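Biologist: Please take me through one part of this complex in detail. I would like to know what surrounds it, and how the chains that hold it are built.

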Amino acid sequence: MSGWRIVSRTEPREWGSVVIFAVAFALSLLICALLLAVQGKDGLGGIGLLLSGGFGHLYSYGETLLKAIPIFLCSLGVALCFRLQVWNIGAEGQYVIGTLGGCWFALSFPGLPVWLMMPGMLASAMLAGGLWAAVAAVLRQRWGMNEIISTLMLNYIGIEILKHLIYGPWKDPAGMNFPVSPYFAESAIIGPVWNPDFWTGIGLSDGIVDTLAQLFGRAHWGILSCLIAGALCSFFLRKGMRGFEITAAGSNAKAARFAGIPYSRLVVLVMFVCGALAGLAGMQETSATLNRLEPHIVVGYGYTAVVVAWLAKLRTMRIAFFAFILAGLRVGVENLQLELQISSSFANTLEGIILITVLAGQFFNDYAIRRKPRQSVPGAGV
Amino acid sequence: MSAISQHTNSAPQPGGSAQPVVRLEGISKFFGQVRANYDIHLSIGAGRIKALLGENGAGKSTLMSILAGRLQPDFGRIVVDGEHRVFRSPKDAHLAGIGMVYQHFMLIDSMSVADNVLLGHEGSFRISPAKMRERVAKLSAEYGLEVDPAARVGSLSMGERQRVEILKLLCRQSRVLIFDEPTAVLTPTEAEQLFKAMRRMAEQGKSIVFISHKLPEVLEISDEISILRRGEVVDNFVRAQVPDEAELARRMLGRDLRKGDDIALSAEILPGSSASDAGTAQGLKEIMGELPLPKIKGRGKFLAQSEPVLSLSGVRCSAQDSVGVHDVSFAIAKGQILALLGVAGNGQKELVEAICGLRGLDSGSISILDHPVDEYWKMQPPHGGLGYIPEDRRGVASCPDLDLVDNFLLTTRKLFSRYGLLDRKRAMRATKALIREHNVLPGNPKAKGSELSGGNLQKLIVGRELLRNPRCIIAENPTQGLDVAAMEEVWQRLRIAKESSGILLVTGDVSEALALADYLAVIYRGKIVDLFSVEDRAKVERIGLMMAGSASLAG
């Protein structure tokens, strides 16, 4: 028998959990270095490239922020579902269908002024994403279909629909036969936050304007929707009746039913909200960065969102933090791809390794390993 | 090994058994700030039946979990046969011959009795099922624990399942058997049989530890009684020295020792002191203000005097894995308590689910406050409606991971909401007042539901349900597992609530039914065997037989 034993902690750690995260994160990066070394690359150097790509320069923050926007929105919705113990892993498909809903509006009414176009486009994206997610909710509550399976399958269906539209009815006649839609009208394009002309106009000095221009880079006004959605989400979870019902039903569904909480309606609600947020994320991303519909909109933000939600333990502020971290790593992996010729799927590997090490590290939040009291050893062996 | 301390503060052991089988020495256990056990010394002798008495949160369950290896003590040691042992898991305790029969059975319903006994048995690879059946049959005959080894556990009554649990321990040759409130799920007859089996086990030299709140039982069966209060052993008696019931109860509560503290407060709310209860309820009432009668669109008559408040007629519902409900009819008016009396698993659960709108009816109808059940649950008035005190406090009545404010809000949330937002500050004040007035320990509203003992959780739940001024109350085994003081308190609150509502008391405890009810309806296999007034002496005499299904005797 070893001289150590595992005991469950009665008092939660305070700052210890931050240290645990840092150690687990460092460990996961070391594992990645090992994976790079196995492929004959410079392991630690690769990790350096990865981190400097995502966080090393002023301009990397702009790119990181750009990717963090859709990840944050999707993760916010996913976390809401997880809070109710509804295992929605379909943010990816909801992201796609939401984008299609928004594109439909943008392409159908190109002549609208911006103040009609923007709300209309975003609302129709949210509606489409929300309804797509609600399908899985209804399947679950009405016919007992497992939502993990249905949301996953709906992801594939959503992507097929995207392909059908982009290779068929929505293909740009002037697009040299590439699978892309026509460009959106000017009114349907979300601009970058940092528009130097505007900010110099209100009297900021050139130096600051320049620094901020680098810092924000391509990050677009979707960042505003993150702030609004995040604030609303935490407000309603803390203060709202429905928020309380979601927390209670997620904690004990049976108690919730006996207490008259409309459980099925809540499931539909959280799924709809998640789909709407994912749809919003997809449309903003498409409008701001591509300015038209392309197959490239599907890059796995919906899956990263699941990882983020777990890492953040479903807490809004932490979701923002982890969305930023994982977005930065995605940017860093792009750097790695260029410099070391690593396959792009390395980003997924990295995410998976971080998730596993950090979750495994959380064991030390609940348990402590202590040396067994000396006096007890002889008796135990007998 | 020579360091075994010779001091012990337990009672002297008549009968000359020189060394106790198990000795607990200075056991202490802390959960954060809470002192669950403190410096406990206890001896368990061979062939003795020891009762462990104490109110909720006194630390009995913690102590027995330590002995059974589920928890590890912070200080102190366990000495088995004069040898210091450390139990890191229940398995270690099993190897030392110590086993526990939990309140909630740990059996697999779809497997046979013999298979269940076989499961987890040391060296199970080498024992054939046929041999196991033989061995189970032999053991059950030896100890008078009648049960068919080939029967599927799912088809057994609660009493039979308990016998399977006991057989599991006997089969492992456990020498110390711990019973956690074993009679809670038994009919009076089954309880008698259990006591006989316990006696026989003791005669064979086994040691029995028996946790119970029912004083008459404890006096009937035990050789020794130890009383726990606030985590400490305060008294040890051997059979001959045991004082009367009232004295035992007093020692358990420590009322004569601690004047003016919270325990004395709860003792004030004993029968006949409704005035003081009304006095203490002020704080909560001030916070809640006058609850205006709920207005429900187009349903002006909702709060009109309705007579009866709850009525069932010809209710049938079938259930896949249980007896279901067959043709049940009764009605309860304001000011009445009807006890639905029966052994657990005879359709009570299904019936309550049907009333709560969670189970469809095959035929018949239920009406709550003059509204069909579906319609009632669609309206769900925030107050003045139906209050429900579930049997399963942790699984149905509360969310163990949420704090007391959230648990309080679980059913009262509509009283604290406006425009879809919750007034959490007011809810916090109300929870604090409720904790104070209902004497819930520990009194921290930020404590999690899981941190409360069963009795304290029940006080919170009862307070929460009564807060809504329900006009119809369903109370399911409301005092199961509660100590005498808490039980009296719940009873008294129900008696007061009766003045403004009709109560359906679902219980398996005859004495509870007789103490509270105006009418008794005995249920067996989903049917009402008989419904009669509590005044009907002749029928009251035959309750035990009716509960066991002797329909012919119901007359």
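Modeller: I will start with a single helix and work outwards from there. This is a predicted model, in which local features need pLDDT of at least 70 and side-chain atom pairs count only at pLDDT 80 or more, while totals for chains, interfaces and linings use all residues. Residues are numbered from 1 along each chain as its sequence is written, with chains lettered from A and ligands numbered from 1 in the order in which they are written.

The part to zoom in on is helix α10 of chain A, residues 241–251. Helices here are DSSP runs of H or I with at least four residues, strands are E runs of at least two, and both are numbered from the N terminus. Because 9 of the 11 residues of α10(A) are buried, the helix is largely enclosed by the rest of the structure. A residue is buried when 20 or more other C-beta atoms lie within 10 Å of its own C-beta, which is placed from the backbone.

Walking along the helix, the buried set begins with A:Arg242, A:Gly243, A:Phe244, A:Glu245 and A:Ile246. It goes on with A:Ala248, A:Ala249, A:Gly250 and A:Ser251. Both A:Arg242 and A:Glu245 are therefore among the buried residues, alongside A:Phe244 and A:Ile246.

What lies over them? From chain A, the cover includes α3 (58–83), α9 (222–239), α11 (253–258) and α12 (263–290). Chain B takes part too, through α15 and β18.

That leads us to the side of chain B that touches chain A. There, 30 residues of chain B are in contact with 22 residues of chain A, contact meaning that the C-beta atoms, placed from the backbone, lie within 7 Å. Four elements of chain B each supply at least two residues to this side: β5 (83–85), α14 (393–397), α15 (404–412) and β18 (421–422). Of these, α15(B) gives the most, with 4 residues. So two of the contributors, α15(B) and β18(B), are also part of what covers α10(A). By type, this side of chain B divides into 15 nonpolar, 8 polar and 7 charged residues. Ala, Val, Leu, Ile, Met, Phe, Trp, Tyr, Cys and Pro count as nonpolar, Asp, Glu, Lys and Arg as charged, and the others, Gly among them, as polar.

Now for the chain that holds our helix. Chain A has 17 helices and 2 strands, and its C-alpha atoms fill a box of roughly 85 × 55 × 45 Å along the principal axes. Buried residues make up 43% of its 382 residues. Among its contacts between residues at least 6 apart in sequence, 79% join residues at least 24 apart.

The partner, chain B, has 21 helices and 22 strands. Of its 555 residues, 48% are buried, and 71% of its contacts between residues at least 6 apart join residues at least 24 apart.

To finish, here is one residue of chain B to look up. B:Asn346 sits in the loop between β13 (337–341) and α12 (348–355) of chain B, and counts as buried because it has 26 C-beta neighbours inside 10 Å. Leaving aside residues up to four places away in sequence, B:Asn346 touches B:Val323, B:Ile523, B:Tyr524, B:Arg525 and B:Gly526. B:Met547, 201 residues away from B:Asn346 in sequence, is 9.5 Å from it in space, C-alpha to C-alpha.

Methods
A residue is buried if 20 or more other C-beta atoms lie within 10 Å of its own, exposed if 12 or fewer, and partly exposed in between; C-beta atoms are placed from the backbone.
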